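Load the model in your viewer and keep the selection box open. Each stop gives you something to select, then says what is there.

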Amino acid sequence: MVLRLAVALLVTVLGEPSWAVQDNGCSAASSVSDVHFTLAVKDGRTVFHAGEIVPLELSFTATAKHRYWADVHNYDRSGRLGIESFCVEPEAADPLASYFTAASSLGGGLGGTRELDATPFAAEAELNEWRRLSPGHYRVYAISQRIWRPSDPRERTPYGRVSEVLRSNTVELDVMPPDAEWQAEQLRSATQVLAGNPSPEEAHRAARRLRFLDTPDSAGQLARLFWGLNQQQSVGWDLMFGLYGSPFQKVAIDSMNDELAVPEHPITGEFLGTLVNLQIVADSTWNPPASGPTDSEAARAFWERRRAHTRALADLAVRKVTEALPRKVGVARALTLHGLLVTGDRDQTSAGKIRPALIATWRDLPRETQSELIRHRWPLIAGPEMLPILRLLVAEAPPPARTDRGMTRDAALKHIHELDPEAGRALILRDAVNPSAQPDLEVIRLLPKEDITVVLRSAVERIGQDKARDLDYELLDRFADSSVLGVAQAAFERHLGKWACSPQTAMLRYLLRADPAYGARQVSASLGARKETHCYGSLLQSLGEELPSAQDSAIEALDDSDPEVVQDAVAALGLWGSANAEEALWARLRRFQQEWAGREDELRSTPDYRGSGARAVALEQALVRAIATGRSWICPPEKLARITKLVLTRQQAQQIEAWIEGWHQGSALITSNWAPEGSTGFSVLQYVSLTEQQLRAKLAQFPRGTRLRWQFWQPGQIFPPVSMERQEALYESMRGYAAKNGILLDRANHP
């Protein structure tokens, strides 16, 4: 059995990279004089072995107060943090140039900000990440782009911030000629650590020592140790980058090929993708054209040849793995089967053989891999053979809700219901009435009405006894009628002002639905009771479609003394308010202009949201967005132009200009987003993330005679894939609805 590999992880397995390594800006000078950037070698060292990690310390200070901010990041999803560049004289190679030229990946990552002042903000880096140093004497400096300042009130800047460029001082260091004895000891000790039971930090340090050692033996050891990324193998990124960065590419490739047949080595999609890409970047024949138009006939022919060559290399690697599969053992066999099944295009015969083999090795799969298959790749393994595995999983003690294990249990309950509806019904009902379990509401929706009645009865009893789960309040919100109103009222009043946010939201939504007048009074009372929880900061938005019953409270909150409550009210009225809310938002924007007229220079956004000017900028932005994108009314160019006359910051004026331009560019495009599955979202002009129901409402609001276009996703353009038949059916439904409201809806790119 042979599979055709199409590794999604690295773009070159399928085609042309979308970007290449950019100029590192080593000639740049600092753009400001009141921020200082200092570079030092940790512990003051100046002499290093060849292949030894060179640790650097970065320090930033500012003499100006409340003006500059530092991005606090220590990782990037691309694999390397790009907010600093490290420059050396004489020039030295970037060890990851081949990776970033060959591969395309998403960047960014979680982080924070810190205001810069006279107290140093410190960061760390390792020079080896950026430069491979041969023996010699070097001068090292860095260029940083992590410091920025908020834009001034009338300053025209993208994103409301100005990035500054900083150039550090220069440090000097020496790299000694290779020391074979030192290198051998580093290889031995790093390998020993990784072969044991190290802590995450110990494993990370050992993997990086091995990654930067840059010897033939270390290249072979990296190949022997590497098999996966992220949750599969915690040190996988460093091992993979070590293979890309090794100056001994042939050794790395040959060693990886040898590992394909090793019984104990898992061969995952990440391993195969790395092997194929290393072979591509190691052969200069397949280097992208240095110049010329990228869309020329010659360029297209080159990339087509390269794609064909890549597929041939991938097929050869998969054939070797398939031949070695009978000799794979334990976890290695299970993960290799998983890699073959989830990676790329499969012919049905091959997939039909791999699937039962993978299920037979289920217990050898890491728990994270099992969860991934059950939650996200179920169609690959779906079938009655999975029932015993799913039953064992849900026989375990219920885990906490909304954890990875809890969501895996929910998915397992759904799949049991698909495969054996009666058994699934019994198991879902068991968890639904178990006070220690909290199945997802979507799982409970699979139950018939009579079972939901039983579940709801138990939930209401626990609410009345103050013993309820969060799920019980959700059940009350979604399924209860007015017959249990008395129990809910008594429970709510007992804990007024003390509710956690999730139960309070569910209770208020139910009360607004069952008794709108009473519910509205409790919304007002909850906003007034602010002593013990912080739920008031998002209370109004959390009411969702029930907000109109409490709209008077939301409008009153537009002038609340707490800026968070005002922001919440503005956002809630834009998202969920009725058409009557529009004028209240216009009135609040006019008051904002009056309050801040003549004080525009104080309107400066800062991440800490601390000053009155920063809070005012956020309020202006929220008001503009609420009026311009409100769900219950339309805001065409003439209204947008009215907003422009009321705003005080350049950033909001720019945003409105962009929206007006969109209206004037001809028939607007309706785009769709089909992920996650079952929650389609739509966007048109300034209106984004609309549900199907909200899109229909918006179509009814457009001026009669408006022409719009509907985007169709072609095969391969979107994941998860959406059939043309499904898109066509939704389009026809929307086209008919639009026509009834005098709107012309055409196909934009139907095949």
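**Stop 1: a pocket lining**

The model is predicted. Begin with the lining of the second largest pocket: 20 of its residues are nonpolar, 16 are charged and eight are polar. The lining has 44 residues. The pocket has a volume of about 1300 Å³.

Which lining residues lie nearest the centre of this pocket? Select N74, E126, E129, H204 and R208. Center the view on these five residues.

Now colour by element. Helix α3 (200-212) supplies at least two residues of the lining. So do α2 (180-195) and α5 (236-245). On the strand side, select β3 (55-62), β5 and β7 (121-126), each of which also supplies at least two. Which element gives the largest share? Select α3, with eight lining residues.

**Stop 2: the C26–C87 disulfide**

Stay with β5, which spans residues 84-89 and holds C87. Show the sulfur atoms of C87 and C26. A disulfide joins them, with S to S at 2.0 Å. The torsion about this S-S bond is about -90°, so the disulfide is left-handed. C26 sits in the segment before β1 (35-41) while C87 is in β5, so the bond ties together parts that are 61 residues apart in sequence.

Are these two cysteines buried or exposed? C26 counts as buried at 15% relative accessibility. C87 counts as buried too, at 2%.

**Stop 3: the C501–C535 disulfide**

How many disulfides does the structure hold? Two. For the other one, select C501 and C535, joined with S to S at 2.1 Å. The torsion here is about -100°, so this disulfide is left-handed. C501 lies in helix α20 (residues 501-514). C535 lies in the loop between α21 (516-528) and α22 (539-542). The pair therefore ties together parts that are 34 residues apart in sequence.

Check the accessibility of each end. C501 is partly exposed, with a relative accessible area of 37%. C535 is buried, at 4%.

Put the bonded cysteines in sequence order and the pairing reads 1-2, 3-4. Before leaving the cysteines, select C635: this residue is buried, at 0% relative accessibility.

**Stop 4: a polar contact from β9**

Select strand β9 (residues 147-150) and pick out R149. What does the side chain of R149 contact? Add E164: a polar contact of 3.3 Å joins the two side chains. R149 is buried, with a relative accessible area of 10%. The cut-off for buried is under 20%, so R149 falls within it.

**Stop 5: strand β13 and its partners**

Finish at β13 (residues 668-673), with side chains shown. Which residues point to the buried face? Select A668, I670 and S672. L669, T671 and N673 point to the other face and are not buried. The side chains alternate along the strand.

Now add the partners. Strand β16 (residues 707-710) pairs with β13 in the parallel sense, over three bridges. Within that pairing, find L669 opposite R709 of β16. Strand β14 (residues 681-684) pairs with β13 in the antiparallel sense, also over three bridges. Here, select N673 and its bridge partner G681 in β14.

Key. Residues numbered from 1 in each chain as written. Predicted model: local features only at pLDDT ≥ 70, side-chain atom pairs only at ≥ 80, totals over all residues. Heavy atoms only, no water. Disulfide = S-S within 2.5 Å. Helix = DSSP H or I, 4+ residues; strand = E, 2+ residues; numbered from the N terminus. Buried < 20%, exposed > 50% of the residue type's maximum accessible area, 1.4 Å probe, protein only. 1 Å grid on protein atoms, 1.4 Å probe; cavity = no way out; pocket = protein on both sides within 12 Å on 5 of 7 lines; lining within 4 Å. Points joined across faces, edges and corners; volume = space filled by probe spheres on them. Nonpolar A, V, L, I, M, F, W, Y, C, P; charged D, E, K, R; others polar. Pairing = 2+ DSSP bridges. Polar contact = N/O pair within 3.5 Å; in protein donor to acceptor, adjacent residues only side chain to side chain.
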